Amino acid sequence: MKKIALLFALLAISGMHVFAAAPSNVPVVWHSLDSMPLLGSLAPDASAKYSRLPDALKDSIRPDLWALGLNSAGLSVRFRSDSPRIKMRWKSRNRFGMNHMTATGVRGLDLYVLQPDSTWTTVSSARPGSKATTETTVVADMQPGIDREYMLFLSLYDGVDSLYVGIDSATTLSYPAVDLPRREKPLVMYGTSILQGGCATRPGMAHTNILQRMLQREVVNLGFSGNARLDPEIAHLMAEADASCFVIDALPNCTADIVDERMEAFIAILREAHPTTPIMLVESPWFPIMRFDREVSDTLREKNRRLRAIYDRLAQTDKNLHYFEADNIIPDPEATVDNYHLTDLGFLNFANALAEELRKLEVSSEK
């Protein structure tokens, strides 16, 4: 027994997974998740199944935007199963990596389950391997005979090319029986690398995914790392959605001049298609580096000043235009990885602050 205990302790220290072994005589059956409900995409008919952008935009937007649209940030798949064991197998498009974000967040998966009180809780994440295709056990030995509702969040900074779930052969995989999160009138959010999910440790901790669970409302993540420059093509795409609210959070990627030149036109595209739908403008955060770097501080304050001027002017006649101030985004300087991108703590703080305002706009479908 001492040897077994020592072995488990060494495995834990080394960071290796320790799973209870599933019965060896029960084979795993693999099922494609392509036919299950996909949340968070405005491209339901795209040739790339797990894409955020429709094929029609490929030749009409900047190449960087198109490539980022193939990242699966904010996408999630709903399914139901009674299997006591859940395995995942997926192929990443690019085997992308960054030096300030975990591989699990960049190209891993994150599994959640619906609880009896209709809230979501984490089961476990699926860590990517060194190759393009990863096969791993997410949970090995749950109580059998219970149908569970799952939501699987996909990779934030890589694309998912194929996606399979492995379950015990005597169990079933089926369409979800519970209509949560609500799919009608999604919350459509546009922004930068932070909105895309940088630098959450795992996909479920991006604030758009936290909001989807908090509000029980589908969230569309149109975060484009380094490329949220108020492109009109993105505004037109957003305008196609029958949204509960549009959130514009692009300032960190915009110069002050871009804010002046493009913001009002971007808002106008949404407003023409949706005369009364709430639109929320989000200031640039007060990044912790601003405490020390005067140039960064001056630049961000000027961008926020210009956004506020646009809001003040338009809000005189548009009562459904709303404003989210920077003070509520990063209240704790310890909540970033690099003085800019958020940790899980930063994302949770941001989601809590946004949720409070979005509930006032009746975006939530919580019961």
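## A walk through the predicted fold

Tyr190, Phe224 and Phe266 form one aromatic cluster, where rings of Phe, Tyr and Trp (its six-membered ring) pair if their centres lie within 6.5 Å, and planes under 30 degrees apart count as stacked, over 60 as edge-to-face and the rest as tilted. The model is a predicted one, in which local features need pLDDT of at least 70 and side-chain atom pairs count only at pLDDT 80 or more, while totals for chains, interfaces and linings use all residues. Residues are numbered from 1 along each chain as its sequence is written, and side-chain values use heavy atoms, with hydrogens and water left out.

The structure holds seven aromatic pairs. Phe324 and Phe350 form a tilted one, with 6.2 Å from centre to centre and 40° between the planes. Phe324 lies in strand β15 and Phe350 in helix α9, so this pair ties together parts that are 26 residues apart in sequence; helices (H or I, at least four residues) and strands (E, at least two) are here DSSP runs, numbered from the N terminus. Both rings belong to buried residues, since Phe324 has a relative accessibility of 2% and Phe350 a relative accessible area of 1%, where buried means under 20% relative accessible area, exposed over 50% and partly exposed in between (1.4 Å probe, protein chains only).

Strand β15 leads to an open sheet of five strands, which has the order β12-β11-β13-β14-β15 and parallel pairing. The edges are taken by β12 (217-223) and β15 (321-324), each with a single partner strand, so one side of each is left without a neighbour in the sheet. Neighbouring strands of this sheet are turned against each other by 20° on average, direction ignored, with axes taken as lines fitted to C-alpha atoms, for helices over the stretch in contact, and angles running from 0 to 180 degrees between N-to-C directions. Within the sheet, strand β11 (residues 182-191) pairs with β12 in the parallel sense over six bridges, and two strands count as paired if DSSP finds at least two bridges between them. Leu187 stands opposite Val219 in β12. Across β14 (279-282) and β15 lies helix α8 (residues 294-314), which runs at about 155° to β15.

Leu187 also appears in the largest nonpolar core, which has 47 residues and in which Leu187, Leu211, Met280 and Leu358 have the most contacts; such a core is a set of buried Ala, Val, Leu, Ile, Met, Phe, Trp, Tyr and Cys residues joined through side-chain atoms within 4.5 Å. The largest share of this core, seven residues, comes from helix α9 (residues 344-360). Leaving aside residues up to four places away in sequence, Leu211 touches Met189, Gln216, Val219, Ala351, Leu354, Ala355 and Leu358, where contact means heavy atoms within 4.5 Å. A second, separate core has 44 residues, including Leu230, Ala239, Ile279 and Ile310.

Gln216, one of the residues touched by Leu211, is found in the loop between α5 (207-215) and β12. Gln216 counts as buried at 5% relative accessibility. Beyond four places in sequence, the residues that Gln216 touches include Leu114, Trp120, Leu180, Arg182 and Glu366. The C-alpha atoms of Gln216 and Leu180 are separated by 6.1 Å, although these two residues are 36 residues apart along the chain.

Helix α6 (residues 232-239) has Ile234, Ala235, Leu237, Met238 and Ala239 as its buried residues. The buried residues of α6 pack against α2 (63-69), β11, β12, β13 (245-249) and α7 (256-273).

Elsewhere in the chain, strand β4 (residues 86-92) is mostly covered, with five of its seven residues buried. Six bridges join β4 to strand β7 (residues 133-139) in an antiparallel arrangement, in which Trp90 stands opposite Thr134. Strand β9 (residues 160-168) is likewise joined to β4 by six bridges and runs antiparallel to it, with Arg89 opposite Tyr164 in β9.

The cysteines remain to be considered. A search of the whole structure finds zero disulfides, a disulfide being a pair of cysteine sulfur atoms within 2.5 Å. Cys245 is in no disulfide, and the sulfur of Cys254 is 18 Å from the closest cysteine sulfur, in Cys245, which is too far for a bond. Cys245 is buried, with a relative accessible area of 0%, and Cys254 counts as buried at 3% relative accessibility.
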